[in-house]
Every structure is written in structure tokens, then in C-alpha cells.
Amino acid sequence: MVTLNGYLIFAAALFSIGLFGVLARKNAVAILMGVELMLNAVNINLVAFWRYNPATITGQVFAVMVFAVSAAEVAVGLALVISLYRRKNSVAADEIDLMKW
């Protein structure tokens, strides 16, 4: 049986991989994937804490809300990436200077 510490260590590792993906990648799609990994790590934490304290279903409700935010983030993020690609013919994050004066 997996203990709470096991879930927390797994979620911390997943969050760290996502953070590394956000900070180290130059591709905008890879950055979005890193953000998704971090949101999934948060979901694992929420459900793990609910699993070991099932008095209320708040962990599951928060996880569903994070899924909704994640879906909205993907939709907006991919729309921005497609718009960036149409303007610059590249999805490199260091070339995003459209809002500079």
C-alpha cells in the first residue's frame, strides 16, 4: 500500500520535472507541457490528501476545478502558439517580442 509520503514524493518529482521544462525549454509548446505537468502534480496532491482524510470531498472538487483551469489554459495557450507561429514562423519562446515597444 502506498503511503501519503509516496504520493507527495511522486507529486514533488512531477512538479520538479514540469518546472525544469518551463525554465529550460525554448519551445512554447514544451513550456505549455511543463505547466501541464505542474498542474497534474497539484492534482495528485489534492487527491492524495483527500484519500487520507475522506471526511469531505473537497480534494476531488478542487481537482476537477484544476482540470477545468488546465483545459482553459491549454486552449488559450495553443491559440497563442498558433498565432505566434503565423506571425513569426517559429514557436521559440525567446523570439516572442510582439508586445515590446
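**Exercise 1.** How close do the axes of α2 and α3 come, and at roughly what angle do they cross? Work out how the two helices run relative to each other, then look at what sits between them.

*Solution.* Keep in mind that this is a predicted model.
- Start with the geometry: the α2 and α3 axes come within 9 Å and cross at roughly 175°.
- Angles over 145 degrees count as roughly antiparallel, so α2 is roughly antiparallel to α3.
- Next, the residues. From α2, the contact includes Leu32, Leu39, Leu46 and Trp50, while α3 brings in Phe62, Val66, Phe67 and Val81, among others.
- Sort that contact by class and you get 15 nonpolar, six polar and two charged residues.

**Exercise 2.** Now do α1 and α2: at what angle do they pack, and how far apart are their axes? Add the handedness and the make-up of the contact.

*Solution.*
- Helix α1 covers residues 4-24 and helix α2 covers residues 28-51. Their packing angle is about 165°, with the axes 7 Å apart.
- With the cut-off for roughly antiparallel at over 145 degrees, α1 and α2 are therefore roughly antiparallel as well.
- As for handedness, α1 and α2 cross in a left-handed way.
- The contact involves Leu8, Ala11, Leu14 and Phe15 of α1, among others, and α2 supplies residues including Gly34, Met38, Ala41 and Ile44.
- Class by class, the α1 contact with α2 has 19 nonpolar residues, five polar ones and no charged ones.

**Exercise 3.** Take alanine 41: is this residue buried or exposed? Find its contacts beyond the local stretch of chain.

*Solution.*
- Locate the residue first: alanine 41 lies in helix α2.
- Its relative accessibility is 1%, and buried means under 20%, so alanine 41 counts as buried.
- Skip neighbours within four places in sequence, and alanine 41 touches Ala11, Leu14 and Phe15. Those three are on the α1 side of the contact with α2.
- For a distance check, alanine 41 and isoleucine 31 are 10 residues apart in sequence, with 16 Å from C-alpha to C-alpha.

**Exercise 4.** How many aromatic pairs does the structure hold? Classify what you find.

*Solution.*
- There is one aromatic pair.
- Tyrosine 7 and tyrosine 52 have ring centres 6.4 Å apart and planes at 55°, so the pair is tilted.
- The partners come from distant parts of the chain, 45 residues apart: tyrosine 7 is in helix α1, and tyrosine 52 is in the loop between α2 and α3 (58-88).
- Finally, accessibility: tyrosine 7 is partly exposed at 31%, and tyrosine 52 is partly exposed at 34%.

Notes
Residues numbered from 1 in each chain as written. Predicted model: local features only at pLDDT ≥ 70, side-chain atom pairs only at ≥ 80, totals over all residues. Heavy atoms only, no water. Axes fitted to C-alpha atoms, helices over the stretch in contact; angles between N-to-C directions. Helix = DSSP H or I, 4+ residues; strand = E, 2+ residues; numbered from the N terminus. Parallel < 35°, antiparallel > 145°, perpendicular 65-115°, else oblique. Left-handed = near helix turned anticlockwise from the far one by under 90°. Contact = heavy atoms within 4.5 Å. Nonpolar A, V, L, I, M, F, W, Y, C, P; charged D, E, K, R; others polar. Phe/Tyr/Trp six-rings, centres within 6.5 Å; stacked < 30°, edge-to-face > 60°. Buried < 20%, exposed > 50% of the residue type's maximum accessible area, 1.4 Å probe, protein only.
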